[in-house]
Amino acid sequence: MQRIFSGIQPSGVPQLGNYLGAIRNWVNLQADHECVFCLVDMHAITVWQEPAKLREHTLTQAAILLASGIDAQRHILFNQSAVSAHARLAWIFNCVARLGWLNRMTQFKDKAGKDRENHSAGLYVYPNLMAADILAYKATRVPVGEDQKQHLELTNDIAQKFNHDYGVEFFPQVEALIPPEAARVMSLRDGTKKMSKSDPSAQSRIELTDDADTIALKIRRAKTDTGVLPEDPSGLADRPEARNLVSIYAALSGKTVQQVLDLHQGQGFGPFKTALTEVVVNEIAPIALKTSQLLQDETHLVQMLHNGAQRAQAIAEPIVAEAEKLVGFVKPL
């Protein structure tokens, strides 16, 4: 089996877009890969986090992943800061990566905007830490969305330069695993913006901790237009809110957009929202219930993450120790 590494930031409660874009794919990948799943709390603090909230979100995220179907017995689930190999290898990669490479990273430019001088150095070198996360395990596959493909290309550049600089074939090249085409889930309040766990309005998203009543209320309040559902997808082209709701229905029901329209064409959004609510509740409410049950035993969650960190460290420590030896660091005999 090839080894997969994938991480998710515990900087808020995961929402439907995270589930369809990443978490559901992780669950499916467990069948034929060796999986290392990481709550990347070190990445989270590249933007300031309230400490109690970061701890809470880390445990909630762990519970949600377990409730969604991540198997922490067969695979590894842990929080990044518990394994020092990540930080140690990241520093080496800070010294391998070139400033010109980092200057080309579009995600930093997007996040920092015109105020980049006031952002943390951590946000700037974030891609080097991401490379360390992956290569500390010599993972050969990483499931990524379009927004992270450039960082994965940088990971391969860093691996290649390290190997060249030290005359070895030590770090492997990494393959991007692009998930099966998933719905681009947009805000329930604005169909032109991605659904985000950082949006100030909780009404803009379906969180994976929402119960059935909360889901129903959010969908009922979701922004729509005054038209009816068209016969084919071309009729959704200039209707972002309608397109978003239909896409969510399709993604969760396993149908194509055309199949959803075949069922509901000519309907107004009152009946369609009722049908959509049923589809969303059937998928998300059981995850929310299981998450709530898991969070009632915090000690168990902390121990589970600790066990995962020990197993992760057993893989990463000899790899990173060898990298440090190759660099020339003096290691204990």
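Is E298 buried, partly exposed or exposed? E298 comes out as partly exposed, with a relative accessible area of 39%. That residue turns up again in the second close-up; keep in mind throughout that this is a predicted model.

**View 1. E34 and R3 pair up across two strands.** The side chains of these two residues meet in a salt bridge, with N to O at 3.1 Å. E34 sits in strand 2 (residues 34-39) and R3 in strand 1 (residues 3-8), so the pair ties together parts of the chain that are 31 residues apart in sequence. E34 itself is partly exposed, at 29% relative accessibility. This pairing belongs to a structure that holds eleven salt bridges.

**View 2. R55 reaches E298 in a salt bridge.** Here the N to O distance is 2.9 Å. The two partners come from distant parts of the chain: R55 belongs to helix 3 (residues 51-68) and E298 to helix 13 (residues 298-327), with their positions 243 residues apart in sequence. R55 is partly exposed, with a relative accessible area of 45%, and E298 is partly exposed too, at 39%.

**View 3. K331 and E324 sit in a salt-bridge network.** The closest N and O atoms of K331 and E324 are 2.6 Å apart. What is the state of each partner, buried or partly exposed? K331 counts as partly exposed at 32% relative accessibility, whereas E324 is buried, with a relative accessible area of 5%. Step back a little and R88 and E317 join in, linked with E324 and K331 in a network of salt bridges.

**View 4. D41 is buried without a salt bridge.** You'll find D41 in helix 2 (residues 41-44). Which side chain of opposite charge is nearest to D41? That would be R55, but R55 is 10.0 Å away. A salt bridge needs the nitrogen and the carboxyl oxygen within 4 Å, so R55 at 10.0 Å from D41 doesn't qualify. What D41 does touch, leaving out residues up to four places away in sequence, is P10, L54, N79, Q80 and S81.

**View 5. Helix 9 crosses helix 12.** The axes of helix 9 (residues 212-221) and helix 12 (residues 269-295) come within 9 Å and cross at roughly 145°. The crossing of these two helices is right-handed. From helix 9, the residues that meet helix 12 are A212, I215, A216, I219, R220 and R221. Their counterparts in helix 12 are K273, L276, T277, V280, V281, I284 and A285. Sorted by type, the residues of this contact come to nine nonpolar, one polar and three charged.

**View 6. K149 meets V144 and I178.** K149 lies in helix 8 (residues 149-165) and is partly exposed, at 31% relative accessibility. Setting aside neighbours within four places in sequence, K149 is in contact with V144 and I178. K149 and I178 are 29 residues apart along the chain, and their C-alpha atoms are separated by 9.0 Å.

**View 7. K138 has a positive phi.** The angle is about 50°, although K138 is not a glycine. Where does K138 lie? Look in the loop between helix 7 (121-135) and strand 4 (141-143). At 30% relative accessibility, K138 counts as partly exposed.

How values were computed: Residues are numbered from 1 along each chain as its sequence is written. This is a predicted model: local features need pLDDT of at least 70, side-chain atom pairs count only at pLDDT 80 or more; totals for chains, interfaces and linings use all residues. Side-chain values use heavy atoms; hydrogens and water are left out. Helices (H or I, at least four residues) and strands (E, at least two) are DSSP runs, numbered from the N terminus. Buried means under 20% relative accessible area, exposed over 50%, partly exposed in between (1.4 Å probe, protein chains only). Lys and Arg count as positive and Asp and Glu as negative; His and the chain ends are not counted. Contact means heavy atoms within 4.5 Å. Axes are lines fitted to C-alpha atoms, for helices over the stretch in contact, and angles run from 0 to 180 degrees between N-to-C directions. A crossing is left-handed if the near helix is turned anticlockwise from the far one by less than a right angle, and right-handed if clockwise. Ala, Val, Leu, Ile, Met, Phe, Trp, Tyr, Cys and Pro count as nonpolar, Asp, Glu, Lys and Arg as charged, and the others, Gly among them, as polar.
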